[in-house]
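Visitor: I should like to learn how to read the features of a protein model, one at a time. Would you take me through this one?

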Amino acid sequence: MKQFSRKDRIELFIEKETEAIFDEFVEYNKTVGVRTDEIAKKLELTRSNVSKELNSLFRERKVIKITGKPVLYLSVKPLRSHLDKVTKTDYLFNSEEIIALLNQEKTITEKKSVFSTMIGAEGSLRALIEQLTAAILYPPNGLNILLTGSTGVGKTTMVNYLYQYAIEEAILTPQDPLVSFNCADYADNPQLLMSLLFGYEKGAFTGANSQQEGLVKQAENGILFLDEVHRLPPQAQEMLFQVIDNQTYRRLGQVETNSLKKILFVMATTEDISSFLLKTFTRRVPVIVTLPDLEKRYPAEKLDYIHLFLNEEAQRIHSTLFVTKEVIEALLTYKTEGNLGQLKVDIKLACAKAYMKNRKNRLQPLTLNFNDFPESVIKSYFEERKNQDVLTKDLISRLDKMTKFDGTLANSFYFNNEEKNLALPIVSTLASSSTQDTTELTQLYKEAKGFYHQVNTLEELNQSQSITKIVDYSTFLAIQTTLSELQLNLEKNTVLGLILHINTLKEKVFSKKMPKYSKDTSIKENYAQEYQMAILIRKRLNQLLDFYIPEGELTFLTMLLHLSKEKKQNSIGVLALSHGNVASSMCKVVNSFLNTNHAVAIDLPLDEDIDQLYDKVAASIEELDQGRGVLILSDMGSLTLFAKVMQEKMPYQIMSLSPINTPMLLEATRKSLLSTIDLNELATSLKKTFLSFEENFNDSFLEDYQMVESLQQCLLFIDPKKTIAVLDTVLNAILTEKNYVTENESLRIKFIFHCSSMIERILLNDFLPYNSIEEFKQTHEELFRLVKRECEEIQNNFFITIPDTELAYLVEIFDTHFSVNKSF
């Protein structure tokens, strides 16, 4: 998203202050204006930077400089009607001159431009509006305009604004026409298209029973808007040359030419003009402007459009509309391929759905929920949510939980509220969140760590644009200087986090909203080295910055330095092994959740050669080991034994656990990234949490409620209690048929966990493949037939059909178990 430069922010601030001064005056008897130090304080900039930008604006004739002590400034734009009467070559006034100027026309109030009502007129559209209005004003009859841009960016709306602006500036009268014509409507019939544009003589073609004027004549003295102009055939383009060059035209079938008093062409297209329009045609259109896609405009502008369209719908249905924060966030985040047009349609569809659901109680206000929106919006939101830039997140963080729309436009966000000004982004940090006095070191650690991980999301922003676009340059320079002098070689994310934190702290200092700080002294003792470095950083920054960093900030600085150091330390490797694609699916979920790529998966086919299998796993272990060992989490059956073989044969510290499940992999990956835990502690912790029941089954320690609790962590749809009961019945039937009466809780656990996952996979139509299934069925014919027969109980209870490929894995569990125990 684009952002305002420092110069833009200063110009806008002076303009707003000037408007306020001018609107409230009765009679000026003293010098008025804005001081440099006042601007610096309000916009939280250094005085030297403000002075530099003010001098630049003065040279560009965008501000008035009023001499004296102190020097004052006013914006040119609100005082344009006054300054037009002044013969000065520059905008340098003394106090007497400016008072006389303002009082001379005190009864005249500056009328706001029609563009003041356009969203983005002072933001992303500002430069192009200046270009377009200049084209309208250019003597004697303005300059022809070509608008380009994607579908739905607002080209037709812009034409209507230009027409109203021309009337406002007395270039046109209200009686002068705006004639619109979509060339695509008649692109398949060029003759008809040209007759509509230029008119025709009687007898020019069959059916031409009388003379008829075309749109060119109808638009005389006004504006002719040609939409989809790329559909205009070359012959018609050439006929327009004469109108543009000489203000003359011929009707179809006419020999002599007809004169026009004046006509201004505004054209629009969604296509590449070099591919469809003649070069001789585009050469006659001096002003070509591209309107930006909605995704390339400021987040606040998209929010304004959301509010505008929701208000329009509330007005249309004559009902108050309540919209949750989550809905606004979704609308801000999802990708609008069709730009403003699509955004408006999606909002309209959602309101229609909510209106239909509420049709029996029309007197009650409507509440717009997330599931009222089309599936495409919901899907796009979840896809794009992870790509939210920091400025959009900041805007979302300041939304109300519920917003009311009653058909008015009172809640426009764009530059109506200082807190919504995107030029001053606020990043949530420890300083802003620690308003509650906490003395727990662990809590401080979590808060600092949460901020540290939040900063990771800003890395892309730091790569794509200068950080100085969202923070004060003096803060950036002070931190850069401090780190250089102290010879601190910190990671990029740590530096970025420090810059954003200090920038936010500065805002709080100037707004007198200082945070409360923890009085916990254990940080100084536990992280002595980082604490001493934090003292040096704070001391130097207090010398360089124009505000004071409190001593309480040492807590945050210490924890940030510690976490940066912790991140650099080597981690325990995590390797997931499974048949099918189970391991890769689990790792994808876990890595996405933890914003890392630490968990590595190997999906192993059952028919792969054992030597190839060993080499593949050995290579992964060798790559993963960073000196702190590797934890292998494996699927059931033969992979459990295989993991133990790797543990014995390889010269690395390796531990293995099974059976694997997603919660277990998530916890293993999270803890493996910590520097405070070793491989043995990690494995013990996971065993205690996820596998304690298996180790102690000989002591009858296992109880069903523990298994239910474990299953609840990884099952989404089915009831664990019902599932265990059904699977116990099936397992007992198979064991009884095989005359296998020895109790084995390990087999029970493997069977229940595997079957539970299998049932959910089948419910989601996500079956595991199995190579050479027919060959496997022949070699295990008796056991396969038994398992398939008894699994009918599962099919009947869960209304599913178990494919042979899934049954093969169940057969493998029993076959492996029976082979190891030699009991059949």
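**Reading the model, feature by feature**

Guide: Gladly. Please keep in mind that this is a predicted model. Let us begin with the whole and then turn to single elements.

Visitor: How many helices and strands are there, and what share of the residues is buried?

Guide: The protein has 37 helices and 20 strands. Of its 824 residues, 51% are buried. As for the contacts with a separation of 6 or more, 75% of them link residues 24 or more positions apart.

Visitor: Which order do the strands of the sheet containing β17 take, and how are they paired?

Guide: To read a sheet, one first lists its strands in spatial order and then looks for the edges. Here the order is β18-β17-β19-β20, in an open sheet of four strands with parallel pairing. Strands β18 (599–604) and β20 (654–657) each have a single partner strand, so they stand at the edges and one side of each lacks a neighbour in the sheet. From one strand to the next, the twist averages 20°.

Visitor: What joins β19 to β20, and which residue stands opposite V630?

Guide: Strand β19 (residues 630–634) runs parallel to β20, and four bridges join them. The residue of β20 opposite V630 is I654. A helix also belongs in this picture: α29 (residues 662–672) lies across β17 (573–579), β18, β19 and β20, and it runs at about 160° to β17.

Visitor: What is the strand order in the sheet that contains β1, and which strands are its edges?

Guide: That open sheet of four strands has the order β1-β3-β2-β4, and its pairing is mixed. Its edge strands are β1 (34–35) and β4 (92–93), each of which pairs on one side only. Helix α3 (residues 47–59) packs on the sheet and touches β2, β3 (72–75) and β4, with its direction at about 110° to that of β2. Strand β2 (residues 63–66) and β4 run parallel and are joined by two bridges. Within that pair, I66 has F93 of β4 as its bridge partner.

Visitor: Where do the side chains of β5 point, and are they buried or exposed?

Guide: In a strand, one asks which residues point to each side. In β5 (residues 145–148), I145 and L147 point one way, L146 and T148 point the other way, and all are buried. Strand β5 also runs parallel to β12 (residues 264–269), with four bridges between them, and L147 has A268 of β12 as its bridge partner. Four bridges likewise join β5 to β13 (residues 287–290), again in parallel. There, I145 is partnered by V287 of β13.

Visitor: How does one read the burial pattern of a helix, and which residues of α35 are buried?

Guide: The general idea is that an α-helix has 3.6 residues a turn, so residues three or four places apart point the same way. In helix α35 (residues 781–790), the buried residues are L783, F784, L786, V787 and E790. Around the axis they cover an arc of only 165°, which puts them on the same side of α35.

Visitor: At what angle do α32 and α33 cross, and which residues make the contact?

Guide: The axes of α32 (residues 720–737) and α33 (residues 745–763) come within 10 Å and cross at roughly 125°. That angle makes α32 oblique to α33, and the crossing is right-handed. From α32, the contact is made by T723, I724, L727, D728, V730, L731 and L735; from α33, by L747, R748, F751, I752, C755, S756 and I759.

Visitor: What does I734 touch, leaving aside its neighbours within four places in sequence?

Guide: I734 is also in helix α32. Its relative accessible area is 0%, so I734 counts as buried. With those neighbours set aside, I734 is in contact with L786, V787, E790 and F814. Among these partners, L786, V787 and E790 are buried residues of α35. I734 and C791 are 57 residues apart along the chain, while their C-alpha atoms are separated by 9.3 Å.

Visitor: Is V377 buried or exposed, and in which helix does it lie?

Guide: V377 lies in helix α16 (residues 375–384). With a relative accessible area of 3%, V377 is buried, because the cut-off is under 20%. Setting aside neighbours within four places in sequence, V377 is in contact with Y334 and D346. V377 and T333 are 44 residues apart in sequence and 9.5 Å apart in space, C-alpha to C-alpha.

Conventions: Residues numbered from 1 in each chain as written. Predicted model: local features only at pLDDT ≥ 70, side-chain atom pairs only at ≥ 80, totals over all residues. Heavy atoms only, no water. Buried < 20%, exposed > 50% of the residue type's maximum accessible area, 1.4 Å probe, protein only. Contact = heavy atoms within 4.5 Å. Arc of directions from axis to C-beta. Pairing = 2+ DSSP bridges. Axes fitted to C-alpha atoms, helices over the stretch in contact; angles between N-to-C directions. Parallel < 35°, antiparallel > 145°, perpendicular 65-115°, else oblique. Left-handed = near helix turned anticlockwise from the far one by under 90°.
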